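Here's a quick briefing to read alongside the coordinates. Have the viewer open and follow along.

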Amino acid sequence: MLWSYVAAFLTGILASLGVGGGMLLIIYLTVFAGFDQLSAQGINLLYFLPIALLAVILHTKNHLINWKPLVPAILVGIVGAVIGSIIAKFIDKEILRTVFAVFVLIIGVKEILYKKEDEKTPVKHNTAIPPKTYRGKFKHS
Amino acid sequence: MEKKKKGKLYYALCGAVIGAVNGLFGSGGGVAAVPALGHAGLTVKESHASSLAVTLPLSAVSMVVYSLGQDFNWSDALPLIPFGLAGALIGGLVLKKISNVWLKRIFGGLLILAGGRMLLT
């Protein structure tokens, strides 16, 4: 039981970073705590709600969330989630799951290979206009 | 190179994909949300924070659907929540401070773990 608390704590950190911590809890619950996948998903779902709520409040305070443009995504997302969960009951998800897994792996590799932003974007003050600090010196010499 | 901000339609499309993934697989919408929101012109940290803002209401809906479908044992989840909340307090501070590179490394590592597990099970 102690390990569940440790897992819940670590998952809380990761979940609030928006890096998919919930999935880590599902892995812990199924592999180490002996729950089946569906129960683990349910536990994770309930667990995620208060944690995400707290994280979202903190991130909003830190000006990392601009709600206005997100409204259409949330509204359409809710409709999509309901439709998705209905479809999920009628189709064989094996192929879909494999496609999604490959997609997740590709994004994962891309994310890991990411280089610093300032290495990618051209450095602005590298061009014709010299940085301000030099200008005075040129005038006097 | 300034990324162009995308309009309402793009966000709606993001929502459709995120919702569909969440609905079909029970989770994983956030995985789709982060890169999609990044495409919309959000910074790396904004994308991660905003992915939670989108997946939170979706998960609330999923929770309702899930609990209608089967008996749900609340007592297994409740003791975990205080520990998770403590983690979230730290996460709130960490997201502000962490470098984009490390944030992406952690995200990428977890995605590879998740993708690998999905392929194997």
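In which helix of chain A does Ala81(A) lie? Helix H4 of chain A is the place to look, and Ala81(A) is buried there, with a relative accessible area of 4%. Leaving aside residues up to four places away in sequence, Ala81(A) touches Gly19(B), Ala20(B), Gly23(B) and Leu58(B). Keep in mind that this is a predicted model.

**The two chains at a glance**

- Chain A has seven helices and zero strands, so the pattern along its sequence simply reads α-α-α-α-α-α-α.
- Chain B has six helices, again with zero strands, and its pattern is α-α-α-α-α-α.
- Of the 141 residues in chain A, 39% are buried; for the 121 residues of chain B, the figure is 50%.
- Take the contacts in chain A with a separation of 6 or more: residues 24 or more positions apart account for 21% of them.
- In chain B, 60% of the contacts between residues at least 6 apart in sequence join residues at least 24 apart.
- On the surface side, chain A has about 8,800 Å² accessible, with 70% of that belonging to carbon and sulfur atoms.
- Chain B exposes about 5,600 Å², and carbon and sulfur atoms supply 69% of it.

**How far to trust it**

- Chain A averages a pLDDT of 83, and 82% of its residues score at least 70.
- The stretch to be wary of is residues 118-124 of chain A, where pLDDT stays under 50. The model has three contacts beyond four places in sequence for residues 118-124 of chain A.
- Where pLDDT is low, the predicted coordinates shouldn't be read in detail.
- Chain B comes in at a mean pLDDT of 88, with 95% of its residues reaching 70 or more.
- Within chain B, confidence is highest in helix H5 (residues 81-97), at a mean of 96, and lowest in helix H4 (residues 74-77), at 86.

**Charges and rings**

- How many salt bridges turn up over all chains? The count comes to one.
- That salt bridge pairs the side chains of Glu111(A) and Lys104(B), at 3.2 Å from N to O. Glu111(A) sits in helix H5 (residues 94-112) of chain A and Lys104(B) in helix H6 (residues 100-120) of chain B, so the pair joins two chains.
- In general terms, side chains of opposite charge can pair when their charged atoms come close.
- Are the partners buried or exposed? Glu111(A) counts as buried at 9% relative accessibility, and Lys104(B) counts as buried at 12%.
- Lys104(B) also lies over the face of Tyr114(A), 4.3 Å from the ring centre.
- Inside chain B, the charged end of Arg105(B) sits over the ring of Trp102(B), at 4.7 Å from its centre.
- As for ring-on-ring pairs, a search of the whole structure finds four aromatic pairs over all chains.

**More residues to click on**

- Leu96(A) lies in helix H5 of chain A and counts as partly exposed, at 34% relative accessibility.
- Not counting residues up to four places away in sequence, Leu96(A) touches Ile91(A) in its own chain, plus Leu24(B) and Phe25(B).
- Lys45(B) is in helix H3 (residues 44-69) of chain B. Despite the charged side chain, Lys45(B) counts as buried, at 15% relative accessibility.
- What does Lys45(B) touch, not counting residues up to four places away in sequence? The list includes Leu64(A) from the other chain, and Leu95(B), Ile98(B) and Leu103(B) are among the chain B contacts.
- The C-alpha atoms of Lys45(B) and Ser99(B) are separated by 9.0 Å, with the two residues 54 apart along the chain.
- His63(A) is worth a look for its backbone: phi is positive, at about 60 degrees, although His63(A) is not a glycine.
- Where is His63(A)? Its place is the loop between helix H3 (37-61) and helix H4 (67-90) of chain A, and His63(A) is exposed there, with a relative accessible area of 68%.

Conventions:
Residues numbered from 1 in each chain as written. Chains lettered and ligands numbered in written order. Predicted model: local features only at pLDDT ≥ 70, side-chain atom pairs only at ≥ 80, totals over all residues. Heavy atoms only, no water. Helix = DSSP H or I, 4+ residues; strand = E, 2+ residues; numbered from the N terminus. Buried < 20%, exposed > 50% of the residue type's maximum accessible area, 1.4 Å probe, protein only. Contact = heavy atoms within 4.5 Å. Areas by Shrake-Rupley, 256 points an atom, 1.4 Å probe, with all protein chains shown as cover. pLDDT = per-residue confidence, 0-100. Salt bridge = Lys/Arg side-chain N within 4 Å of Asp/Glu carboxyl O. Phe/Tyr/Trp six-rings, centres within 6.5 Å; stacked < 30°, edge-to-face > 60°. Lys NZ or Arg CZ within 6 Å of the ring centre and 35° of its normal.
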